[in-house]
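Me: I would like to work through a structure step by step, with the reasoning spelled out in each reply. Could you take my questions in turn?

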Amino acid sequence: MALGGLLQRLTRFDRYLIIILSLLVGISFLLPFGRQAGARLIVEAENRTVFSAPLDTARQLAVEGPLGMTRMEIKDGAVRVLSSPCPQKICIGMGEARRAGELLACVPNRIVARIEGDAEGATYDLLSR
Amino acid sequence: MFNRPLIPILLILLVALLVWLRQPGGESMVSRTALVMGTLVEIKAYGEDRDRLEGAIDAAFAEMVRLEQLFSSHLAESEISRLSAATGPFAVSRETADLLALGIRMVRLSAGAFDLGLGRLKDLWDISGENPQIPGEQALRRALQGTGPDALLLEGQQVRKQAPDLQIDLGGIAKGFIVDRAAELLLRAGVSSAAVNAGGDIRLLGDRQGQDWRIGIHHPRESGAILATLNLRNRAVVTSGDYERFFVRDGVRYHHLFDPQTGRPARGCQSVTVVAADAASADALATAAFVLGPHRGLDLLEQLPDVEGLLVTADGRRLATAGIESVLEWH
Amino acid sequence: MTSSAVDPVQLEQARQRVFLALFIALAVALNAVEYLLPSPLPWFRFGLANILTVTALYLYGPRAAWTLVLSRILIGSLLLGTLFSPGFLLSLSGGLLATLLMTSALQCLGSRIGPVGVSVLGALGHAAGQLLIAWLLIVQHPSIWLMLPFFLLFSLISGMINGLAADMLLEFLLKHEAFARHRTSRQCCSATHQTSGSDVT
């Protein structure tokens, strides 16, 4: 049998080595190498960065601005504004941001949330709204 | 050689190291955001010298803040506020004169669909304020008195209002003008590849690492969706839409793009995007085309040289000028 | 000392040089052929030249393997016009790490490790070295590590196949008179590790 003949060419150490390396390669498929790339939320208040977190962990956060607390939520890889002390609530109406380069802003409360990182998924560099 | 492999290894490593060190460090990108003019301004710049990019962006933001102090009608001490308050001839700065000259040209070009004198009308509606309201016909007509193509006379740096109580509002042009000035400052600082984006008023310098900038156009009705992308370099893109600032009463959307003829929000379009050489013209033309409605608006954009555009009509149809098709991708 | 054509040491040295030169030429040719073949992804190359590296390592030792690898990379990139380009740096770093792993494995483990084991280590070292340099110098983006598992799996398989090919080549070459000396001086060919495999326990 050809396969048996091929196996004869391996020393015992070779066989163990290949088994161990195969296991390691298998494990490497399960590790999250570089997978969080492109999904970081940066929050700035009054033009200073006050918060930064990966987008893949669900959480809520509150950021203090001149008018008071703006509350945001990270969920399912996207961020949105839950509540804001500003009069117009435009920031809540902006919906969610999930792709790199997307922005949410509460202009009256001087808070900016933007997604940073990998722009591969995005189909544009800048948004004209 | 054969018995001393270390020597060739070291030689190759040395040569490789030297070559690598001599190579330029590659382009880096600096991106900065700040809140200026009541909107989110983002400047992205590409170049080899990071410090130079940072310095140029700082200077551009500083210039934007300075010009905002001149042009804002919300600041009581701005030049425009003082011009609105003035009853006789008024001397303005070089920058304001430049902006007003361009504005007056746009008013004439659009046959009054774009107007610089809508200050009182905007105060009346108070769309962005705490208590927006729908004014009566009488109030609207009063607010529109003195507006029109001949409302302002500019001679050098001297401005004369035909009606003493005319309130100047540069809403549809100042943002683009400031974006242009920021872009020019970047260019003068030696930055050849950059983008200035002030809440959707975009001015592009050069290309993005050898490729076109891809500009996403916001969908006027689906939040977060993209209507189209434009592949551009060295251009300005501005979108005016009825979704930016509005209030809804009894199921009707009242937005901030007023028709100077009626004093009411223009109803022909959902959004208009204009591509031009400079953001100030694009800004004014987007407003004008929106007010004129889809057909006359598109005609205006078609007839102007070096100006292209696309729009979404009130019933959701998509139209574009003929010259834009090569760079336009609908989504 | 009089030099003579029949001095067995000198004869053997000359023979080694000639064969190594042949190996280098073959390795460069294999490299170039592989470069010209269509590949699904730019970095997924089979590394056929490593068959010759493993063979040279077993026949003539670590120094010969180093010479072969470095010459192959240098001449190969001269030939393909990629000298000192990013691709050259990738190839160099992959080659260095692969050869380092292969020679040190053989030196540490001796006859316990066969050509297949050495070849697999070399292939994985090549993949890891390339990716490391690509990450450090060229892409500098963590998403490059997304490719690592696929890259490693591919090199594991190609390493095994190349190793088997090297073992067959060794078996074939050692039958020839020109390599007769190595039959006794090195325990590496398939004929020997069928027995040595059983007494390592």
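The questions and replies below go from the chain to its sheet and then to its core.

Reply: This is a predicted model, in which local features need pLDDT of at least 70 and side-chain atom pairs count only at pLDDT 80 or more, while totals for chains, interfaces and linings use all residues. Residues are numbered from 1 along each chain as its sequence is written, and chains are lettered from A and ligands numbered from 1 in the order in which they are written.

Me: How many helices and strands does chain B have?
Reply: Helices (H or I, at least four residues) and strands (E, at least two) are taken as DSSP runs, numbered from the N terminus. Counted in this way, chain B has 16 strands and nine helices.

Me: Which strands stand at the edges of the open sheet of chain B?
Reply: Strands pair if DSSP finds at least two bridges between them, and the eight strands of this open sheet, with antiparallel pairing, follow the order β1-β2-β6-β7-β10-β13-β14-β15 in chain B. Two of them have a single partner strand each, so one side of each is left without a neighbour in the sheet; these edge strands of chain B are β1 (28–36) and β15 (318–320).

Me: Which residue is the bridge partner of B:V237?
Reply: Strands β10 (residues 236–241) and β13 (residues 269–276) of chain B pair in the antiparallel sense over six bridges. In β13(B), the partner of B:V237 is B:V275.

Me: At what angle does α8(B) run to β13(B)?
Reply: Axes are lines fitted to C-alpha atoms, for helices over the stretch in contact (C-beta atoms, placed from the backbone, within 7 Å), and angles run from 0 to 180 degrees between N-to-C directions. Helix α8(B) lies across β7, β10, β13 and β14 (308–313) of chain B, and its angle to β13(B) is about 150°.

Me: Which helix gives the most to the largest nonpolar core?
Reply: A nonpolar core is a set of buried Ala, Val, Leu, Ile, Met, Phe, Trp, Tyr and Cys residues joined through C-beta atoms within 7 Å, where buried means that 20 or more other C-beta atoms lie within 10 Å of a residue's own, with C-beta atoms placed from the backbone. The largest such core has 114 residues, and B:V274 and B:A282 are among those with the most contacts inside it. The helix that gives the most, with 11 residues, is α8 (residues 279–292) of chain B.

Me: Which residue of the β4(B) and β5(B) hairpin takes a positive phi?
Reply: Strands β4 (residues 152–155) and β5 (residues 158–161) of chain B pair in the antiparallel sense over four bridges. The hairpin has two residues between the strands, and the residue with a positive phi near 65° is B:G156.

Conventions: A residue is buried if 20 or more other C-beta atoms lie within 10 Å of its own, exposed if 12 or fewer, and partly exposed in between; C-beta atoms are placed from the backbone. Two residues are in contact if their C-beta atoms, placed from the backbone, lie within 7 Å.
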